[in-house]
Amino acid sequence: MKTTRITDEERAKAFKSSVKPEVLEKQKLNVRYNIEEFNADDRPRRFLEAFAAILKHSNYKFVLDHFARMSARCSRCAVACQIYQATGDPEDIPCHRSELLLEVYRRHFTLGGMLKGKISGGGYLTDEKIQEMAQSFWNCTACRRCALECPMGIDHGLITHLGRYILSEIGIVPRALVISTREQLEGASKNTSGIPVPALADTLEFLEDDMFEEKSVKIKFPLDVEDSDYVFFPAVSDFLMEAETLMGIAAVFRATGDKWTIGTGYYDGINYGLFYSDRILERVVNKVDEETRRLNGKNILIGECGHASRTAKTFIPTFCGGKNALPVVSILEYTHKVWKEGRLKLNPDIITEKVAYHDPCNFARNRWIINQPREVLKSFCKNYVEMTPIGDNNICCGGGGGTVSIDEIRPYRTTVGGKLKADQIRKSGCEILVAPCANCKKQLRELVEDQKIDCQIVGLHDLIYKAIVFDESLIEKKEEQPADKDNSAEKEGKG
Amino acid sequence: MMESLLDFVKGPLFRLCFAIMILGLLRIFTLDIWNGYKAWRKAGDKRIPWKLIRRRSWEWIFPFKRIKNNFQVYSVISILFHVGLILVPIFLFAHIELWKTSTGISWPSLPFTLAFWLTISTIIFLIVMLFSRIVVKPIKALSKKQDYLWLILLLIPFATGFICANLNVSPYNYHFFMLIHILSGELIFVLIPFSKIAHCVLAPLSQIVCGLAWSFPPETDDAICTTLNKKGARI
């Protein structure tokens, strides 16, 4: 699928910087995202020190060796990149982006490069090159679609990931991500949205009342229940913004009767470490693991969130015990499993609109979760349509790689990043787009709003909540108050 | 004079250059596997996604599905170019005869007509690819000096080999073209392990490297903090 280039007007809007001129002057870095104050002196040396330290203690060296030796610069990745498709700027070709870091590696960390440096005199890495990387790595949505097209098999997403990690070690990282992570790891609330436990408990109680009102079933959000089968970690922002998703999940557990819980010691699945720092990544997954072990839970259950699910699935075994690590399950897998076992009944007459499914990159690119949610959706959405392309070749929402959390670059995300996605949504003609990922949902809502597309963005469990059919034994008859008798009868008639 | 020079480039120099290529490629191939093994040993999660690696490797070997979404002409040309580039030097009758004379080893050769057309097509594809690097915007933007030089360097042995095998040239010119043919081939041999053409042995390992790439070692946070003097620093 191809898209048209952005117009000059759109370009001006997308690339307009909201960073104050005096800040740009002080930070000596012309990027569109806000950065906390950092030491702007002697950046190349500090960049190389950080790079060397990371190479020493990580596994990146052998990967870079391999990629740096064989990068052929054929440009086939250009076709796969939705950013390049929208801008047409050569700087946005994934291979060009990767070359920025690969060349630093070749020149400063390989024998041939160092000899070349000696002969030509002087170092290679300059402030300008750091500027270029700081801009380029955060223009990318880290969707990793380009890696599928590269005949050399280079994972450009991994190089962007590493580039951002090194930059973060010298203080160049979007403030939005740092502030959230600081609250999560060092703050009192211990989560990226700053929701304290009493507020969480109130919210959940409110949702429970709502659910009883709507479904006449007592559905609980169990807190701190030890020995549960599943300890639940959603993207914590769901507690503020995605009530229906959470209610859908709670409803599924009520229907199946499986034991699950939310730990009040730590309840945030978000892990911005995946977007900018392996050190943060490690600290966050350790928190998830500790909380599950505190409650003696059997499985770590991650909510509707692509990056949270991928980080837990991939890095809990990495950082928390290898073979002995706790199993990680995505709520999409759980729901699919119980639906397949016949423990989840869904009414096929409730959702009549044209529904399509958006593959979050972190679920689909590695072919982890592609068909499971589709099977569930097709079972109760009569008017299901498919977008093209899908699965591991899906198109990113345009807010991947943490960019969705950077509010100041919204015009970029909805004009450039999500342009191809917007075209895809329009072409499908769907009225409801299911996006089981907190980041995708936020981005897609902003995208359809800015691109003026008439489409509702929901999570998978939002629809499940609407269509779920409970066993008769779970439905409680409400006590009818004499004064409201007529009213209730009228309501029931309408229903 | 010319004949003794030819004997030298065909004999000792060829052996030296060929040995450099083989040893160089062996070195980087072994290093890749050894470093991959060391990375795997260090990794916190030692599972390797073999299923995905297998799938992606098949897609790489048979890239037909991908071609329809990408620069179709460029991709097809690139694949066909590789066919000629690999088959002609290895399976040309004249080359096999040289091996047979010096080592006694031989193997089946390409029919003359097929070799003829493969050589012509490789020369044309090389010129088209060079032209693409000069005019097609994204390819041009990515190209470095060595990308152009490689295409020219590859063109030389194919063009001179074609002249020697198919055109009636005077003995002096024949020797001259043959000298250029062998010398350029030997230069290619020497450069292969030290340039992007190393992908001839490394590319098949790429999917395994990518599969291992996200297998991080545990407890790097602490080690990197110590090295960078950031222990206890605020996030």
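These legends walk through close-up views of a predicted model with two chains, A and B.

**Figure 1. Meet chain A, a mix of helices and strands.**
Chain A has 26 helices and 10 strands. Its C-alpha atoms take up a box of roughly 90 × 50 × 45 Å along the principal axes. How does the radius of gyration of chain A sit with that of a compact globule? For 495 residues a compact globule would come out near 23 Å, and chain A has 24 Å, so the two agree. Of those 495 residues, 63% count as buried. Now look at contacts in chain A between residues with a separation of 6 or more: 79% of them join residues 24 or more positions apart.

**Figure 2. Chain B, built with helices and zero strands.**
There are 13 helices in chain B, and from the N terminus on you simply meet one α after another. The C-alpha atoms of chain B fill a box of roughly 80 × 40 × 35 Å, again along the principal axes. What is the radius of gyration of chain B? It is 23 Å, while a compact globule of 235 residues would have a value near 18 Å. In chain B, 43% of the 235 residues count as buried. Among contacts in chain B with a separation of 6 or more, residues 24 or more positions apart make up 69%.

**Figure 3. Two residues of chain B, 34 Å apart in space.**
Start at B:Ile22, which you'll find in helix α2 of chain B. Is B:Ile22 buried or partly exposed? Its relative accessible area is 38%, so B:Ile22 goes down as partly exposed. Now hop over to B:Val169, 147 residues away in sequence. The 34 Å between B:Ile22 and B:Val169 runs from C-alpha to C-alpha.

**Figure 4. Where chain B meets chain A.**
How many residues does each chain bring to the contact? Chain B puts in 61 residues and chain A puts in 70. Together they bury an area of about 5,700 Å², with carbon and sulfur atoms giving 56% of it. Three residues deserve a close look here: B:Leu142, B:Trp214 and B:Ile235 supply 16% of the area that chain B buries against chain A, more than any other three residues.

**Figure 5. Salt bridges and polar contacts across the interface.**
Seven salt bridges are counted between chain B and chain A. One to zoom in on pairs A:Glu169 with B:Lys230, whose closest N and O atoms are 2.5 Å apart. Polar contacts turn up here as well, with 28 residue pairs found across the interface. Which helices of chain B help build the side that touches chain A? Several each supply at least two residues, including α3 (50-61), α5 (72-91), α9 (145-166) and α13 (220-227). The one that gives the most is α2(B), with eight residues. Sort the residues on this side of chain B by type and you get 30 nonpolar, 14 polar and 17 charged.

**Figure 6. B:Asp147, a buried residue that touches both chains.**
B:Asp147 is found in helix α9 of chain B. How much of B:Asp147 is accessible? Its relative accessible area is 0%, so B:Asp147 counts as buried. A polar atom of its side chain lies 2.7 Å from the backbone nitrogen of B:Lys144. The side chain of B:Asp147 also joins that of B:Lys196 in a polar contact of 2.8 Å. Leaving out residues up to four places away in sequence, B:Asp147 touches A:Ala72 and A:Arg73 from chain A, plus B:Arg133, B:Leu142 and B:Lys196 from chain B.

**Figure 7. Backbone oddities in the loops of chain A.**
Most residues other than glycine have a negative phi, and most peptide bonds are trans. Which residues does a cis peptide bond join here? The pair is A:Thr388 and A:Pro389, with omega about -5°. A:Pro389 belongs to the loop between β7 (381-384) and α22 (410-417). Next comes A:Ser75, with a positive phi near 75°. A:Ser75 lies in the loop between α4 (60-70) and α5 (77-80), and with 1% relative accessibility it counts as buried. A:Ser216 has a positive phi too, near 55°. You'll spot A:Ser216 in the loop between α13 (197-215) and β1 (230-233). Is A:Ser216 buried or exposed? At 16% relative accessibility, A:Ser216 counts as buried, because the cut-off for that label is under 20%.

Conventions
Residues are numbered from 1 along each chain as its sequence is written. Chains are lettered from A and ligands numbered from 1 in the order in which they are written. Side-chain values use heavy atoms; hydrogens and water are left out. Contact means heavy atoms within 4.5 Å. Buried area is the accessible area (1.4 Å probe) that two parts lose on being put together, summed over both. A salt bridge is a side-chain nitrogen of Lys or Arg within 4 Å of a carboxyl oxygen of Asp or Glu. A polar contact is a pair of N or O atoms within 3.5 Å; within protein, one must be able to donate a hydrogen and the other to accept it, and residues adjacent in sequence count only if both atoms are side-chain atoms. Helices (H or I, at least four residues) and strands (E, at least two) are DSSP runs, numbered from the N terminus. Ala, Val, Leu, Ile, Met, Phe, Trp, Tyr, Cys and Pro count as nonpolar, Asp, Glu, Lys and Arg as charged, and the others, Gly among them, as polar. The radius of gyration is taken over C-alpha atoms; the globule rule is 2.2 Å times the number of residues to the power 0.38. Buried means under 20% relative accessible area, exposed over 50%, partly exposed in between (1.4 Å probe, protein chains only).
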